[in-house]
Every structure is written in C-alpha cells, then in structure tokens.
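Trainee: I am new to this structure. Please take me through one part closely.

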Amino acid sequence: MAKYFDVHPDNPQPRTISTVAGLIRSDALIAYPTDSCYALGCKLGSREGIARIRSIRHLDDRHHFTLVCENFAQLGQFVQIDNDVFRAIKAATPGSYTFILPATKEVPRQLLHPKKKTVGVRIPDHTVTQALLAELGEPLLSSTLLLPDEEEPLTQGWEIKERLDHLVDAVVDSGDCGTSPTTVVDFSGGEPEIVRKGAGDPARFE
C-alpha cells in the first residue's frame, strides 16, 4: 500500500518533506503535485523507477522523461544550453513548461531519447515541489501522471491513492494543483518547436 502524506500547500511541513525525500533516496516511486497536474517521480538514475513509470503509463523507449529541477544552476548541469535559448527559457521559468534539450553526460543513458540524445527539463512554480527538490538536492526524474487510454491526467491525491495504491510507494497531497500537463517546447534543433500545448502559454514560443 502507498503511504499517504497530507502536505500544507503554502507551508509544507519540513518533517514530512524530509520523510518523502528519504523514501525517494531509497528508490521509492511517488505521485506528487506540480503547477501542472500530478506527476510520477523517482530518484535520478533509478532503473526500477523508470521501469515502473513505463509500466504504469505504457510508455515506449521514445518517451521523453523530464528532470524536474529546483533552479537554473541545477538545470544547467544536465542540458546543453546556448545564450539565446537560455534567455528564452529563463523568461518562462519557473512555470508550466517542459523544455527538450541536448543532454550532458550527467544524464543517465536510459533517460535519453535513443536517437536524439535529448531529455526534458523543467523548473516548476509549486511550493511543495520546490520544498521537496530543495530537500532532495537533485532533480526528480518525472513523467506526467496520465494513465493509458485516459485523456485527462489525475489531479486528486485521494483518487491517486485509491487507483495506484499497489503501484506507487507514496502519494503527496497538497490539495488542488493544475489540471493540464505542461506545454512542451523542443529546443534541440535551435529554434523552438511546440510539441504539446498545455498549461504554459505557448504564444511566447510561436
């Protein structure tokens, strides 16, 4: 059964955040809220976590996983980014965008798109997620909590606990969060290409 954590949306309880971070470090798979709906998350480089996310979502090896980062200093360790792209992304973060960029050697191979050698990155605008990332000290490997054959992502912590009780190790609930996945912008070719329109306003990249 998944552990259930009720976290204050504006003042996350430090002890609870520390407990969740400890679970992640011990290779747990969690469901957690962001500024653009719930996501599945595990520690960077967790082969078991990746396999479990692929299984829950029925994903193939072309799926772009996302590294959810606390800030730009952290993001810059994992992707190659030139000045023009940096300025464009900086202006849109933190926020409900995922950016696809060429990965650095810091990114585990199993996370990379097999042909492009790219990875998704984002910096969320969500108090609880930011607290968790600060405690963890590294990005969360993540994927939107969108179940197979369903058009809408899950947005309620209690429902996620009910439906994924034996598939995830913990559910972090901080009340309402976004109901749309991120807008995904591919910068791997130099110019922005909008791959998915979602919570973030795509107009700034069109």
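Mentor: Here is a walk along one helix.

This is a predicted model, where local features need pLDDT of at least 70, side-chain atom pairs count only at pLDDT 80 or more, and totals for chains, interfaces and linings use all residues. Residues are numbered from 1 along each chain as its sequence is written, and side-chain values use heavy atoms, with hydrogens and water left out.

Start with helix 1, residues 14-25. Helices here are DSSP runs of H or I with at least four residues, strands are runs of E with at least two, and both are numbered from the N terminus. Helix 1 has 12 residues. From first C-alpha to last, helix 1 reaches 16 Å, close to the 16 Å expected at 1.5 Å a residue. That expected span is 1.5 Å times one less than the number of residues.

Now look at its buried residues: T16, I17, V20, A21, L23 and I24. Buried means under 20% relative accessible area, exposed over 50%, and partly exposed in between, with a 1.4 Å probe and protein chains only. Seen down the axis of helix 1, the buried residues fall within an arc of 155°, so they line one face. The arc is taken from the directions from the helix axis to the C-beta atoms. An α-helix has 3.6 residues a turn, so residues three or four places apart point the same way.

What do the buried residues of helix 1 pack against? The partners are strand 1 (3-6), strand 2, strand 3, helix 5 (127-136), strand 7 and strand 8 (170-173). Contact means heavy atoms within 4.5 Å.

Turn to the face away from the buried side: it carries the exposed residues P14 and R15. After helix 1 comes D27, whose phi is positive, near 80°.
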